[in-house]
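Dear colleague,

I am handing over the structure we spoke about, with the sequence alongside. Please have it open while you read the notes that follow.

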Amino acid sequence: MMSPVAIAVLSVSMSADAFAAAIGRGAQHRPTVPQALRSGLVFGVIEAVTPLIGFALGVAAAGFVAAIDHWIAFGLLGAVGAKMIWEALKREEETVEATDAGGKAASRGLLALVATAVGTSIDAGAVGVG
C-alpha cells in the first residue's frame, strides 16, 4: 500500500507533462477564460481517467502479455520516438499550420486538445497498469 506522500509525489510527477503542454498551448495564443477552462477540464478528465483505464487493462491482460510486455513497451516508445524524429526533420514548409474554414488554427481545436491530453496522459495509464 502506498503512503499518502508517495501518492502525492506520483500524482504531481505524472501531471507535470500535461502541465507543460497546457503552458505551451496557452503561450501559443492568449486563450479566453472559457477556452482556458475547457483546456483544464479536458486535461484533468483525461489525466484522471487514464490510470483507471490502465488499471483495467493491466488486470485484464496481465496473464497474456507477461512474457512480452517489455517488447510491447519497446515498440510503443520506439514508434513515438521515431515520429518525434520524423517531425523534427520535416522541412519547414511542410509544417505550416493548417487552418479550418473559420480561419482558426487547427491546433486550437477540440480534437487537437484531446490528442495532446491523451499524449501527455499515456504515462499515467502505464502507472495504472503497474
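What share of the contacts in the protein with a separation of 6 or more is accounted for by residues 24 or more positions apart? The answer is 81%, and I should say at once that this value, like those below, is computed from a predicted model.

As for the overall build, the protein has 4 helices and 0 strands, and its elements, read from the N terminus on, follow the order α-α-α-α. Of its 130 residues, 18% count as buried, while the accessible surface comes to about 9,300 Å², with 75% of that area belonging to carbon and sulfur atoms.

One pair illustrates how positions that are distant in sequence are placed in the model: Ser 15 and Asp 123 are separated by 108 residues along the chain, yet their C-alpha atoms are 9.2 Å apart in space. Ser 15 belongs to helix 1, which covers residues 4-28, and Ser 15 counts as partly exposed because its relative accessibility is 28%, a value that falls between the 20% under which a residue is called buried and the 50% over which it is called exposed.

On the surface there is a nonpolar patch formed by Leu 41, Val 45, Val 49, Ile 53, Leu 57 and Val 129, which together have about 530 Å² of accessible area. Helix 2, spanning residues 33-65, gives the largest share of this patch, namely 5 residues. Val 129, also a member of the patch, is found in helix 4, which runs over residues 110-129. With a relative accessible area of 47%, Val 129 is therefore classed as partly exposed.

Val 129 appears again in the largest pocket, where Leu 76, Ile 122, Gly 125, Ala 126 and Val 129 are the lining residues that lie nearest the centre, out of 24 that line the pocket. The volume of this pocket is about 740 Å³. Helix 2, helix 3 (69-89) and helix 4 each supply at least two residues of its lining, and the largest share, 9 residues, comes from helix 4.

If you look at one residue before we next talk, I would suggest Val 129, since the patch and the pocket can both be found from there: Val 129 is listed among the residues of the nonpolar patch and among those nearest the centre of the largest pocket.

With best wishes

Definitions and conventions:
Residues are numbered from 1 along each chain as its sequence is written. This is a predicted model: local features need pLDDT of at least 70, side-chain atom pairs count only at pLDDT 80 or more; totals for chains, interfaces and linings use all residues. Side-chain values use heavy atoms; hydrogens and water are left out. Patches are made of residues with over 30% relative accessible area and no salt bridge: like charges are joined within 9 Å, nonpolar side chains (Val, Leu, Ile, Met, Phe, Trp, Tyr) within 5 Å. Accessible areas come from the Shrake-Rupley method with a 1.4 Å probe; for residues, only the protein chains shown count as cover. A salt bridge is a side-chain nitrogen of Lys or Arg within 4 Å of a carboxyl oxygen of Asp or Glu. Buried means under 20% relative accessible area, exposed over 50%, partly exposed in between (1.4 Å probe, protein chains only). Contact means heavy atoms within 4.5 Å. On a 1 Å grid over the protein atoms alone, a cavity is a set of points where a 1.4 Å probe fits but cannot get out, and a pocket is an open set with protein on both sides within 12 Å along at least five of seven lines; lining residues have an atom within 4 Å of a point. Grid points are joined across faces, edges and corners, and a volume is the space filled by probe spheres set on the points.
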